[in-house]
Amino acid sequence: MTDDRIDPPMRGDERETLRAYLDYHRATLAMKTEGLTDDELRRRSMPPSTLTLLGLVRHMAEVERTWFRRVINGEDIPLVWSDEGDYQVAYDGSRSTGAEAFAAWRTELDHARRIEKEAASLDVTGYQARWGEDVSLRLVMLHLIHEYARHNGHADFLREGIDGTVGA
């Protein structure tokens, strides 16, 4: 695996630090999936789980889209893979390709980065309909760091099961 991740700053301001940690975790997911075939990306963990690396990438595209575009930017758009708003659909990559999943994920990363950079401050809020609450950009960034960190732990085990690669 190629490790192109940039370490977060040791003395950055709050926004710079949140941005850097989020990008670090995004890069970790990319690293954990690097060089794998579609079949390897679709390989399931252990029964009864159906979790796959491809499903994680698709899920994180939905997460990025939801929190940045739908919540913070207020865009009235469907999920990437479900017009009905079913987040579980993203986990099923059985009929998907790595190219399709990574293209969607990278598109959502581009939107997320643009929205974050254009926001006046971390105090900008958006409405999270599932929670029935307004949430700050600060909370969104922290939530995504948490989400990536948790799923990158899953990716560690999935990758090790595919080809024995460990680390990061």
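Q: In this predicted model, what pattern does the protein chain follow when read along the sequence?
A: Let's start with the parts: the protein chain holds five helices and two strands. Put in sequence order, these elements give the pattern α-α-α-α-β-β-α.

Q: Which radius of gyration does the protein chain have, and what would a compact globule have?
A: The C-alpha atoms fill a box of roughly 45 × 40 × 25 Å along the principal axes. For 168 residues, a compact globule would have a radius of gyration near 15 Å. The protein chain agrees with that, as its own value is 16 Å.

Q: What share of the residues of the protein chain counts as buried?
A: A residue is called buried when its relative accessible area is under 20%. Seen from outside, the chain has an accessible surface of about 8900 Å², and 50% of this belongs to carbon and sulfur atoms. Of the 168 residues, the buried share is 43%.

Q: Among contacts between residues at least 6 apart in sequence, what percentage joins residues at least 24 apart?
A: Here we look at contacts in the protein chain and set a minimum separation of 6 in sequence. Of these contacts, the share that joins residues at least 24 apart is 69%.

Q: How far apart are the mean positions of the positive and negative charges?
A: The protein chain carries 22 positive and 31 negative charges. Taking the mean position of each set, the separation is 1 Å.

Q: How many salt bridges are there?
A: Side chains of opposite charge can pair when their charged atoms come close. The cut-off used is a side-chain nitrogen of Lys or Arg within 4 Å of a carboxyl oxygen of Asp or Glu. One pair that meets this is Asp-39 and Arg-42, at 3.1 Å from N to O. Counted by this rule, the salt bridges number 17.

Q: Asp-39 and Arg-42 meet in a salt bridge; which relative accessible area does Asp-39 have, and which does Arg-42 have?
A: Residues over 50% count as exposed, and those between 20% and 50% as partly exposed. Asp-39 is therefore exposed at 58%, while Arg-42 is partly exposed at 24%.

Q: Which residue meets Arg-58 in a salt bridge?
A: The N to O distance of this bridge is 4.0 Å. The pair links distant parts of the chain, 42 residues apart, from Arg-58 in helix H3 (residues 53-72) to a partner in helix H4 (residues 98-118). Arg-58 is buried, with a relative accessible area of 4%, whereas the partner is partly exposed at 38%. That partner is Glu-100.

Q: In which helix do Arg-114 and Glu-118 both lie?
A: Their side chains meet in a salt bridge of 3.6 Å, N to O. Arg-114 is partly exposed at 32%, and Glu-118 counts as exposed at 58%. The two are four residues apart, about one turn of their helix, and that helix is H4.

Q: Which residues are linked with Asp-23 in a network of salt bridges?
A: This network brings together two kinds of side chain, with Asp-23 and a Glu on the negative side and Arg on the positive side. Besides Asp-23, the linked residues are Arg-26, Glu-64 and Arg-113.

Q: Is Leu-79 buried or exposed?
A: Leu-79 has its place in the loop between H3 and H4. Leaving aside neighbours within four places in sequence, its contacts include Glu-62, Arg-65, Thr-66 and Tyr-87. Its relative accessible area is 3%, and since the limit is under 20%, Leu-79 is buried.

Q: What distance separates the C-alpha atoms of Leu-79 and Val-63?
A: Along the chain, Leu-79 and Val-63 are 16 residues apart. In space, their C-alpha atoms are separated by 9.1 Å.

Conventions: Residues are numbered from 1 along each chain as its sequence is written. This is a predicted model: local features need pLDDT of at least 70, side-chain atom pairs count only at pLDDT 80 or more; totals for chains, interfaces and linings use all residues. Side-chain values use heavy atoms; hydrogens and water are left out. The radius of gyration is taken over C-alpha atoms; the globule rule is 2.2 Å times the number of residues to the power 0.38. Buried means under 20% relative accessible area, exposed over 50%, partly exposed in between (1.4 Å probe, protein chains only). Contact means heavy atoms within 4.5 Å. Accessible areas come from the Shrake-Rupley method with a 1.4 Å probe; for residues, only the protein chains shown count as cover. The place of a charge is taken as NZ of Lys, CZ of Arg, CG of Asp or CD of Glu.
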